[in-house]
Amino acid sequence: MFDKNQVGLLKDQFREGEKWVIIPHLNPDGDAIGASLAFGLLLDDLGIENTVIVPDSAPDFLSFLPGMDRVLVGKKHQEQADRLISEGDVVLLLDHNDIKRSGNLSEAVVKHSGQKIMIDHHPDPVITPNEALMFSRVSASSSCELSYEIICQLGFKDRITSDIATVLMAGMITDTGAFSYNCSNDNFFINIAGLLEHGADKDLIIDKIYNQYSEDRMRLVGYLINQKMEVFPEIRTAIVSLNWSEMHKYNFKKGDSEGVVNMPLSIKGIDLSVFISVRDDKTKLSFRSKGNFPANKIASTYFSGGGHLNAAGGSSDLSVEDTVKYFKSLFSDIKKLIDSTEL
Ligand code: 5GP
Ligand code: MN
């Protein structure tokens with residue numbers, strides 16, 4: 001439960017005639033999109049004008065989610081997006097802990113003089129309570145789970161339609177790897193049960209997100225695990241990398257590498273998995289870890305990134321191959337980190 005006064009302040013923002021802009025983080029995932037769509041659908045129902053603006057496009061496998069058809073992509077409509085943000089009365093930032101994570105929309109968000117709201121579960125939020133109404137809980141599975149709790153606390157439980165329940169459950173499923181991590185707290189399953197009662201379509205979510213891959217994607221995954229995975233038992237780490245020419249060869253589409261980073265973690269003795277690939281002309285790193293292995297510390301110390309203890313990301317200005325080499329040069333530092341951490 002969040003503080004009653006703070007929820008009261010949030011409720012005061014739901015005013016007819018005001019315009020909301022809802023923004024998930026850059027490279028939005030199921031959680032960021034699910035929470036954004038949930039608030040968009042709720043505001044529609046309340047008769048409050050709103051626009052969901054994604055900094056850049058979401059992967060195709062999320063396109064089945066109710067409300068996706070009206071999402072504005074900032075990268076494709078930058079001027080319109082910036083104008084909507086500057087004219088908005090309320091800006092709701094979802095699943096991010098720092099305005100920088102709004103990517104190409106962050107400049108407009110920083111300039112925006114109206115109320116900002118943040119709902120998020122990443123560690124160390126950078127936005128201060130003075131700048132935004134902040135709802136942050138690091139122990140939550142997802143921003144969608146927090147959004148569900150907040151919507152109930154606001155007194156809008158009866159307004160949760162099956163569409164809203166479905167988008168929220170989609171984020172709770174994707175941020176927990178389909179109920180496998182970050183969901184050991186019993187409240188998680190109570191919230192899942194609540195969403196089922198509201199008509200969330202769990203089977204549709206699982207089918208659309210996990211069982212609709214292309215043949216190209218399946219062959220790409222086989223290639224990456226067979227040919228590109230490097231395993232370093234001494235530092236409990238595995239690396240998988242994917243470069244442009246390989247992406248081209250396998251007709252890569254956004255979302256095709258989804259989940260690959262988790263795969264090496266099922267090898268006994270591997271506690272950190274690193275996936276290095278290309279995104280928007282940058283080399284992007286994804287980190288996943290088990291136990292106390294601090295994926296976010298490695299992302300923030302060496303790759304200008306951040307995230308959760310067990311799921312983090314960062315970037316590099318080097319090529320994919322040189323980033324792999326650079327990562328290998330960090331082995332002794334990682335060994336020291338392991339030796340000083342109780343895994
Ligand atoms: P992914 O590997 O799925 O892109 O990201 C995993 C987690 O790390 C997500 O929670 C995401 O928000 C965070 N993350 C990914 N990339 C970055 C980054 O460049 N900077 C920061 N601060 N967090 C990131
Ligand atoms: Mn999330």
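How many of the eleven residues of helix H5 are buried? The close-ups below start there and then move to the sheet, the ligand and the cysteines, all in a predicted model.

**View 1. Helix H5, residues 143-153, is largely enclosed by the rest of the structure.** Nine of the eleven residues in this helix are buried, so the rest of the structure wraps most of H5. If you step along the helix, the buried positions are Ser143, Cys144, Glu145, Leu146, Ser147, Tyr148, Glu149, Ile150 and Ile151. An α-helix has 3.6 residues a turn, so residues three or four places apart point the same way. Just after the helix, look for Gly155, which has a positive phi near 90°.

**View 2. Six strands make up an open sheet with mixed pairing.** Reading across the sheet, the order is E7-E8-E9-E10-E12-E11. Strand E7 (230-232) and E11 are the edge strands, each pairing on one side only. Strands of a sheet pair through backbone hydrogen bonds, either parallel or antiparallel. Here, strand E8 (residues 237-241) runs parallel to E9, and five bridges join the two. One pair to pick out is Ala238, which stands opposite Ser273 in E9. At the E11 end of the order, E11 and E12 run antiparallel and are joined by two bridges. Gly306 has Gly313 of E12 as its bridge partner.

**View 3. Strands E9 and E10 form a hairpin.** Strand E9 covers residues 272-279, and seven of its eight residues are buried, leaving the strand mostly covered. Eight bridges link E9 with E10, in the antiparallel sense. To find your place in the ladder, look for Ile276, whose bridge partner in E10 is Leu285. Two residues lie between the strands of the hairpin, and Asp280 in the turn has a positive phi of about 50°. In a regular strand the side chains alternate between the two faces of the sheet.

**View 4. Ligand 1 sits in a shell of 13 residues.** The closest of these are Arg101, His122, Lys284, Ser286 and Arg288. Which kinds of ligand atom do the polar side-chain atoms of these neighbours approach? For His122, the partner is an oxygen atom of ligand 1, 2.8 Å away. For Lys284, a polar side-chain atom lies 2.6 Å from a nitrogen atom of the ligand. Arg288 places a polar side-chain atom 2.9 Å from an oxygen atom of ligand 1. Taken alone, ligand 1 exposes 500 Å², and the protein buries 80% of that. Strands E10 (282-289), E11 (306-307) and E12 (311-316) are the elements that give two or more residues to the shell. E12 gives the most, with four residues. Sorted by class, the shell holds two nonpolar, eight polar and three charged residues.

**View 5. Cys144 and Cys183 are buried cysteines that are in no disulfide.** A disulfide is a covalent bond between the sulfur atoms of two cysteines. A search of the whole structure turns up zero disulfides. For Cys144, the nearest cysteine sulfur is that of Cys152, 13 Å away. Cys144 counts as buried because its relative accessibility is 0%. For Cys183, the nearest cysteine sulfur belongs to Cys144 and is 14 Å away. Cys183 is buried too, with a relative accessible area of 6%.

Methods. Residues numbered from 1 in each chain as written. Chains lettered and ligands numbered in written order. Predicted model: local features only at pLDDT ≥ 70, side-chain atom pairs only at ≥ 80, totals over all residues. Heavy atoms only, no water. Buried < 20%, exposed > 50% of the residue type's maximum accessible area, 1.4 Å probe, protein only. Near = heavy atom within 4 Å. Polar contact = N/O pair within 3.5 Å; in protein donor to acceptor, adjacent residues only side chain to side chain. Areas by Shrake-Rupley, 256 points an atom, 1.4 Å probe, with all protein chains shown as cover. Nonpolar A, V, L, I, M, F, W, Y, C, P; charged D, E, K, R; others polar. Pairing = 2+ DSSP bridges. Disulfide = S-S within 2.5 Å.
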